Amino acid sequence: MQNNKEEFLERISAHKLIIYKICNAYCKNRYDRDDLAQEISYQLWRSYDHFNGSVKFSTWMYRVALNVAITFYRKTKKAEAVIQLTEADTEVEDKHEDRAELEKNILILQQFINELNELDKALMILYLEEKGYSEIAEILGITETNVATKISRIKDKLKQKFSTINN
Amino acid sequence: MEDIALKDLWKAQDEKLDRTMKLNLYLLESLQKQKAESRLNSLARFKGWAVVLGVVWVLFLGLLIYGNRLQNIYFTVSIGMILIFNILAVAVYIKHIVLIRQLDYSKSITDTQKKLSELQASTFNTRFLLLQTPFYCTWFWSTEMIEGSGIKFWLIAVPIALLFTLLAIWLYRNLVPGKMHKKWVRSLIMSTPEHTSVMKAQDFLNEIAEFKKG
């Protein structure tokens with residue numbers, strides 16, 4: 001049990017950025033993020049005994065974390081403030097122009113992901129995390145062709161959004 | 001905006017991520033205690049309370065039958081039927097709790113979310129309880145009442161029992177997930193304590209089906 005615990009801690013620590021990213025993508029509220037991080041930790045620990053290595057550890061971890069995040073999000077979903085781009089965000093201000101541009105684009109991307117439904121959000125996170133289509137299909141339980149079609153559609157919408165805001 | 005640029009943007013947000021959230025990986029023992037408080041367990045908690053109330057109700061009905069000791073056949077049969085329906089409902093709820101506890105979050109997202117939503121929408125699985133309604137119209141019947149009230153019994157009591165029987169059968173056959181798009185089905189679901197979660201779950205099941213279709 002102790003060895004199991006050490007091994008679990010080591011593996012989760014190496015991948016904890018995944019948990020942070022998922023919590024940030026699914027919860028805008030700081031307190032909800034805390035609760036979700038706890039829920040994910042608990043469910044990962046609870047499921048770890050059943051992890052048999054038939055899939056990659058990261059695939060297993062994404063499945064648990066995204067399943068928990070979607071369930072949690074659906075239970076706590078309320079009229080959360082959508083990240084709005086304010087004038088201050090779109091102004092270059094005193095910052096270096098490139099830096100300001102980068103921050104504005106990060107905000108557009110966050111806003112876009114925030115507006116996606118639960119399942120498309122999971123798909124987009126996996127795509128941006130540079131997972132291959134076959135692994136995304138395995139995590140989500142859909143076909144690779146379906147993954148490719150959906151990603152292409154979402155990217156088209158995102159491109160439109162960037163061009164509308166930037167022009 | 002090219003693929004690489006999008007992925008670079010995603011990586012660039014890493015440094016801005018909120019990492020202050022409590023990730024108590026080093027307090028695994030305390031995570032065990034969290035089980036009871038887990039927000040994800042609210043469905044099991046709701047069904048747990050339903051089982052407790054159901055068991056109390058079943059015991060009460062059992063006592064009534066035991067107290068009557070076949071003195072009135074109408075009472076015994078009616079309460080006996082209500083008792084059977086409620087024992088079945090308690091069994092269905094216990095089965096749901098077991099399934100919720102066994103839910104595996106490490107299966108694919110669409111499979112797990114589908115199972116979970118089906119459990120949330122499982123109010124439909126207990127709609128057979130509607131069929132007990134006619135027995136609430138007959139438990140107070142007795143041979144004395146039938147003989148004493150003459151034609152009034154056949155003109156009032158029997159038609160009411162028949163009406164409730166037909167209504168219960170009709171509702172049982174029509175109150176199904178496939179008819180959730182109908183306004184009256186949604187209105188009826190709205191009158192149950194689980195309405196919000198049932199409707200949300202049913203809508204999410206449709207979303208999952210659409211998502212899988214592509």
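**Exercise 1.** What percentage of the contacts in chain B with a separation of 6 or more comes from residues 24 or more positions apart?

*Solution.* This is a predicted model, in which local features need pLDDT of at least 70, side-chain atom pairs count only at pLDDT 80 or more, and totals for chains, interfaces and linings use all residues. Residues are numbered from 1 along each chain as its sequence is written, while chains are lettered from A and ligands numbered from 1 in the order in which they are written.
Step 1: two residues are in contact if their C-beta atoms, placed from the backbone, lie within 7 Å.
Step 2: among contacts in chain B with a separation of 6 or more, residues 24 or more positions apart account for 72%.

**Exercise 2.** Describe helix α4 of chain B and its buried residues.

*Solution.*
Step 1: chain B has nine helices and zero strands; helices (H or I, at least four residues) and strands (E, at least two) are DSSP runs, numbered from the N terminus.
Step 2: α4 of chain B covers residues 73-102, 30 residues in total, and spans 43 Å from first C-alpha to last, close to the expected 44 Å at 1.5 Å a residue. The expected span is 1.5 Å times one less than the number of residues.
Step 3: a residue is buried if 20 or more other C-beta atoms lie within 10 Å of its own, exposed if 12 or fewer, and partly exposed in between, with C-beta atoms placed from the backbone. In α4(B), the buried residues include S78(B), I82(B), Y93(B) and I100(B).
Step 4: the cover over the buried residues of α4(B) includes α3 (42-68) and α5 (109-120) of chain B.
Step 5: for chain B as a whole, 16% of the 214 residues count as buried.

**Exercise 3.** Is Y172(B) buried or partly exposed?

*Solution.*
Step 1: Y172(B) sits in helix α7 (residues 151-174) of chain B.
Step 2: Y172(B) is partly exposed because 15 other C-beta atoms lie within 10 Å.
Step 3: leaving aside residues up to four places away in sequence, Y172(B) touches R127(B), F128(B), L130(B) and L131(B).
Step 4: F153(B) is 19 residues from Y172(B) in sequence and 27 Å away in space, C-alpha to C-alpha.

**Exercise 4.** Characterise the interface between chains A and B.

*Solution.*
Step 1: 55 residues of chain A are in contact with 40 residues of chain B.
Step 2: helices of chain A that each supply at least two residues to the side touching chain B include α1 (2-14), α3 (30-48) and α9 (144-166).
Step 3: by class, this side of chain A has 26 nonpolar, 15 polar and 14 charged residues. Ala, Val, Leu, Ile, Met, Phe, Trp, Tyr, Cys and Pro count as nonpolar, Asp, Glu, Lys and Arg as charged, and the others, Gly among them, as polar.
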